[in-house]
Amino acid sequence: MNGIRETTAAVGPGAVAVPLRRNRRFQILWAGSASAMLGTCLADTAYPLLLLAMTGSPTVAGAFGAVQFGASVLFGLHGGTVADRHDRRRILILADTVRLLTALSVALALVAGLLTVPHALLAAAVIGATMAYGGPSRMLALRAVVPPEQLRQALSQDELRVNGAALAGPPLAGFLLGLGSAIPFFTTVLASGLALGASVAVRFDSRPEADAPAGGREKGAALAGLRYLLAHRTMRGAVLIAAGLNLTGSAVLLAVMVMLRDHGTSAAGTGLVLTGEAVGGLLGALLVPHLHRLFGPGRLVLAVGWAAAAAFAACAAASGPVTVFAALAFGCLGVPALRVLLDVLVFQRVPEEVRGRAVAGVMVLLMAGLPLGTTTAGLLLDRLPAPTVLVLLAAALAAALLPLTVGRTLRGTGWTDGA
């Protein structure tokens, strides 16, 4: 395992790890991460709605997400380098503190009637940056408090956090905005405070590996994680297919919104249909252990990709909102297993001294496709009907998957392969 220090719940030779549900440090960290994710999902809905109400401009409202994801991508690789150089617990505490203060500044500005568009967009940039710096350290913190034999189970539980927040965040944001424009932002302050409290409460071995290269200051250090990921065929295939799913998936959501609008579906009905993604993800999180037993890494990656392509095509042929909801849920059933696969491969096969940069590299590759996918879909939808765009996206994903499926390199990989 490339020099991993065992600093988890398993203590001493022959010791039996406590069940994950009784691992206090993991559960506190998990609760803090869940609070942070819920706050982020609240913000992702509340900020655009607020900006739309303030300016009446969809472009300005959409700029929040563009700035947030742009900052995450811009700072992502440096965030991984920092995680490999400095104390991860301190990084996590600092990121949670900055996010809390940012949310508080917006809430107070709203109450005082002083919130401006530049202030909101600056908050978007800060939130994106805290994701870039806090994300790798949060993932490495999870590894530090869970023994290796429970890692897959812990990562599966983490997927419940992600998908649960994605399901609850948007409707909760809308409900809270109805109570008052500042209420969702004070709620994000509370969520950030809970996340910060968890980061402060849990102590773990958060120091970088003692024999890591001089703080990662070697030339091209920030790219070391990406180079490691792309040099190994299983990780390369998994990351690139996951990035392709994010790119095409973000485009599909916009196309689905336009298609449902053209069919006369209300805004509320469209919102409910789009929760199919989160419902599929929640159900898929429960299937992670079964899918990992059933498939090797390569076959699992390909199965998830083909399921998504089929779901995109089904959306194009859908006769109503219920069918679209079911297609989105089906397409997302395997996504948690794919994300857990990526995390497991990073912890199994990437050396400790570059692991933070590898985690950051995965995050950057996955997030970079989101704005590109949405932009591409917008350009296509200006010229083509939404069902046609959905068919094109399904065909593009299938064309990317076909050579990998026909070849034996990725299909034949196993969990213990070194490449």
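The protein, a predicted model, averages a pLDDT (the predictor's confidence in each residue, from 0 to 100) of 82, and 89% of the residues score at least 70. Over residues 1-15 the pLDDT is below 50, and this stretch has 36 contacts in the model beyond near neighbours in sequence, a contact being heavy atoms within 4.5 Å. Residues 210-216 also have pLDDT under 50, with nine contacts beyond four places in sequence. Where pLDDT is low, the predicted coordinates should not be read in detail.

Because the model is predicted, local features need pLDDT of at least 70 and side-chain atom pairs count only at pLDDT 80 or more, while totals for chains, interfaces and linings use all residues. Residues are numbered from 1 along each chain as its sequence is written, and side-chain values use heavy atoms, with hydrogens and water left out.

**Salt bridges**

Side chains of opposite charge can pair when their charged atoms come close. The structure holds five salt bridges, each defined as a side-chain nitrogen of Lys or Arg within 4 Å of a carboxyl oxygen of Asp or Glu. Three of the pairs are listed here with their N to O distances.

| Pair | N to O distance |
|---|---|
| Arg99 and Asp96 | 2.5 Å |
| Arg138 and Asp96 | 2.8 Å |
| Glu159 and Arg339 | 2.7 Å |

Asp96 takes part in a salt bridge with Arg99 and in another with Arg138. Arg99 and Asp96 both lie in helix α3 (residues 88-112), three residues apart, or about one turn of the helix; helices are DSSP runs (H or I, at least four residues), numbered from the N terminus. The pair of Arg138 and Asp96 links distant parts of the chain, with Arg138 in helix α4 (residues 117-144) and Asp96 in helix α3, 42 residues apart. Arg99 and Asp96 are buried, as is Arg138; buried means under 20% relative accessible area, exposed over 50%, and partly exposed in between (1.4 Å probe, protein chains only).

The salt bridge between Glu159 and Arg339 ties together parts that are 180 residues apart in sequence, because Glu159 lies in helix α5 (residues 151-179) and Arg339 in helix α13 (residues 335-349). Glu159 is buried, with a relative accessible area of 5%, whereas Arg339 counts as partly exposed at 27%. A network of salt bridges links Asp84, Arg88 and Arg357.

**Surroundings of Met257**

Met257 is placed in helix α8 (residues 233-262) and is partly exposed, with a relative accessible area of 37%. Leaving aside residues up to four places away in sequence, Met257 touches Thr270 and Leu274. The C-alpha atoms of Met257 and Thr270 are 6.6 Å apart, with their positions 13 residues apart along the chain.

**Cavities**

The structure holds two cavities of 30 Å³ or more. A cavity is a set of points, on a 1 Å grid over the protein atoms alone, where a 1.4 Å probe fits but cannot get out; lining residues have an atom within 4 Å of a point. Grid points are joined across faces, edges and corners, and a volume is the space filled by probe spheres set on the points.

The second largest cavity has about 90 Å³ of space. Its lining includes Tyr47, Arg99, Ile127 and Thr188. The elements giving two or more residues to this lining are α1 (24-55), α3 and α6 (183-201), and α1 gives the most, with five residues. By class, the lining has five nonpolar, four polar and one charged residues, where Ala, Val, Leu, Ile, Met, Phe, Trp, Tyr, Cys and Pro count as nonpolar, Asp, Glu, Lys and Arg as charged, and the others, Gly among them, as polar.

How values were computed
1 Å grid on protein atoms, 1.4 Å probe; cavity = no way out; pocket = protein on both sides within 12 Å on 5 of 7 lines; lining within 4 Å.
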